[in-house]
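Good morning, and thank you for joining. I would ask you to look at the structure on the screen while I go through it.

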Amino acid sequence: MRRSVIVAVLAALTTCGARGAAQEPIDSSVAHFYALRGGQPAWVFGNGISREGIFLLDVIAQSDRDGLEPDEYFTPAIAALLQRDLSQDDAWRLDSLLTSSFLSYARDLSRGQVDPAAVDTQWTASGRDLDLVALLSGAADEGDVTGFFQAIEPQESGYRALRAALQRYRDIAERGGWPAALRKRLAAEGYDTSAGVPAAVRQFQRLHGLVPDGIVGPLTREELEVTPAARAGQIAVNLERWRWLPRKLGERYIVVNSAAFTLELVDHDSVAWTTRAIVGRPDWPTPIVSSVVTGLSFRPVWKVPRIIAAREILPLIQRNPSYLRRQKFRVYSDSLGELRGVELDAAMIDWSAVSESTFVYQLVQDPGGANPLGGVKLIFRNPFSVFIHDTPTRGLFSELWRTFSHGCVRVEHAEQLVALLLPAWSADSIHNAMTRGRGGERSVRLPQPVAVHLVYWTAWAADDGLVAFSGDPYGWDEELAHALANRNAQITMKGHE
């Protein structure tokens with residue numbers, strides 16, 4: 001590409017108010033795109049826009065269907081150029097601005113608008129890493145912009161269904177909101193009232209994490225009164241979270257939704273099994289992770305993380321020195337969890353002289369009824385040392401708001417989950433491995449590794465086109481909405497410079 005053309009392209013981006021940097025500079029990608037084309041325009045030829053250029057404009061104009069903002073990409077500079085006869089310089093400006101806007105939109109659609117780590121350090125499941133310039137260059141050469149977007153947008157049915165629901169809620173908001181009558185209110189959202197209002201109310205309650213008693217009490221009424229505009233905003237936030245996930249979730253995968261306190265096994269895009277889960281406390285949230293379950297540990301020992309041991313177990317030891325013996329804890333001379341130190345006699349340690357800052361021990365709890373990992377844990381790599389595991393404290397599953405752990409996921413009906421992961425094992429074999437193992441912990445590799453995704457969805461597609469909503473136990477909806485609003489405001493200001 002000639003230097004003069006590169007200069008013209010970069011000047012167009014600067015003087016015409018192209019989008020500023022959100023995740024990475026876009027101007028270098030634009031220059032690279034034209035270099036691959038040998039300095040030839042992509043969308044504007046002579047005084048007119050090509051068919052693909054017109055389609056590009058139409059795609060950008062409809063970016064709101066994905067919860068994005070068209071004004072971020074369809075800049076005032078583009079609109080102004082479209083209103084006049086184009087000189088050669090104008091044509092180059094328009095062509096380069098269209099490319100810039102297109103790449104910005106494609107990046108947001110494929111990877112998300114904001115960096116997950118910038119919102120919360122617990123978010124690590126960002127998996128879409130595409131060479132957008134190369135893909136766009138091929139699409140422009142082949143005249144297949146449609147195929148380009150089909151290649152980069154999330155393909156999962158959950159995303160597509162949630163995207164379709166977004167427009168429905170916006171339409172209801174534009175028509176003035178929910179009808180006053182309960183039957184009409186439920187029908188407006190898509191609930192079937194043909195079997196009576198109480199049946200529709202029960203379905204509504206199930207999809208909002210409430211007790212499905214068919215009675216419109218205070219909690220149910222509170223959910224009914226959430227405006228369609230607020231629900232649309234909630235959906236848009238969760239579409240962004242979908243864009244943070246890997247491109248392929250897997251043909252068969254486990255998904256834990258910590259906002260809804262559920263675990264599901266998904267097989268070929270259909271939920272094959274679901275159960276209740278207990279997730280991390282608000283001060284110790286379950287992280288967002290995508291990984292692969294490679295095996296199981298039956299009757300696992302619990303290597304207590306140092307911060308839990310020093311902050312929560314040490315006071316119990318100091319109040320009652322027999323606590324360690326009764327709870328079947330062993331003590332080692334390191335606190336890193338590697339068990340490289342020697343085992344110590346807990347009775348010989350002056351625990352009253354130990355503080356949180358001077359705690360240098362590794363506590364290990366043997367299998368048994370007091371072990372919080374229960375009879376089995378799933379093994380998958382992650383930087384947070386969290387697990388999906390059984391639990392002896394099953395009464396907490398009856399709670400609606402199940403945030404009780406230190407970040408790990410406790411699963412109800414763990415034996416059933418193991419049976420699905422180890423289909424060749426009998427129910428008796430699984431039960432015995434979880435309750436009567438000898439010789440300590442026993443590890444078993446899965447015949448087929450299974451992808452696992454720990455997510456945080458406060459809105460997701462349910463059956464019959466309905467949308468399920470949960471609360472926001474960690475306050476992450478508000479944080480993400482704030483991050484998106486700040487980022488959008490900065491881009492809008494840049495676009496008007």
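I shall begin with the overall picture and the confidence, and then turn to the salt bridges.

What we have here is a predicted model. The protein contains 18 helices and 17 strands. It has 497 residues, and 49% of them count as buried. The accessible surface is about 23000 Å², with carbon and sulfur atoms accounting for 52% of that area. As for contacts between residues at least 6 apart in sequence, 70% of them join residues at least 24 apart.

Next, the confidence. The average pLDDT of the protein is 88, and 90% of the residues reach at least 70. Over residues 1-24, however, the pLDDT is below 50, and this stretch has 55 contacts in the model beyond near neighbours in sequence. At the other end, over residues 492-497, pLDDT also stays under 50, and there the model has eight contacts beyond four places in sequence.

I now come to the salt bridges. How many does the structure hold? The number is 18, and I should like to discuss three of them.

The pair I take up at the start is Arg 65 and Glu 153, whose side chains meet at 3.8 Å, N to O. Arg 65 sits in the loop between helix 3 (51-61) and helix 4 (76-82), while Glu 153 sits in the loop between helix 8 (145-152) and helix 9 (157-174), so this salt bridge ties together parts that are 88 residues apart in sequence. Are these two residues buried or partly exposed? Arg 65 is partly exposed, at 38% relative accessible area, whereas Glu 153 counts as buried, at 11%. Both residues also belong to a network of salt bridges, in which Arg 65, Asp 66, Glu 153 and Arg 163 are linked.

Another pair is Arg 281 and Glu 312, with the closest N and O atoms 3.5 Å apart. This pair links distant parts of the chain, 31 residues apart: Arg 281 is in the loop between strand 5 (270-280) and strand 6 (289-298), and Glu 312 is in helix 14 (residues 306-319). Arg 281 is partly exposed, with a relative accessible area of 21%, and Glu 312 is partly exposed as well, at 27%.

Finally, Arg 84 and Asp 90 form a salt bridge through their side chains, at 3.1 Å from N to O. Here Arg 84 is partly exposed, at 45% relative accessibility, and Asp 90 is buried, with a relative accessible area of 8%.

Thank you for your attention.

How values were computed: Residues numbered from 1 in each chain as written. Predicted model: local features only at pLDDT ≥ 70, side-chain atom pairs only at ≥ 80, totals over all residues. Heavy atoms only, no water. Helix = DSSP H or I, 4+ residues; strand = E, 2+ residues; numbered from the N terminus. Buried < 20%, exposed > 50% of the residue type's maximum accessible area, 1.4 Å probe, protein only. Contact = heavy atoms within 4.5 Å. Areas by Shrake-Rupley, 256 points an atom, 1.4 Å probe, with all protein chains shown as cover. pLDDT = per-residue confidence, 0-100. Salt bridge = Lys/Arg side-chain N within 4 Å of Asp/Glu carboxyl O.
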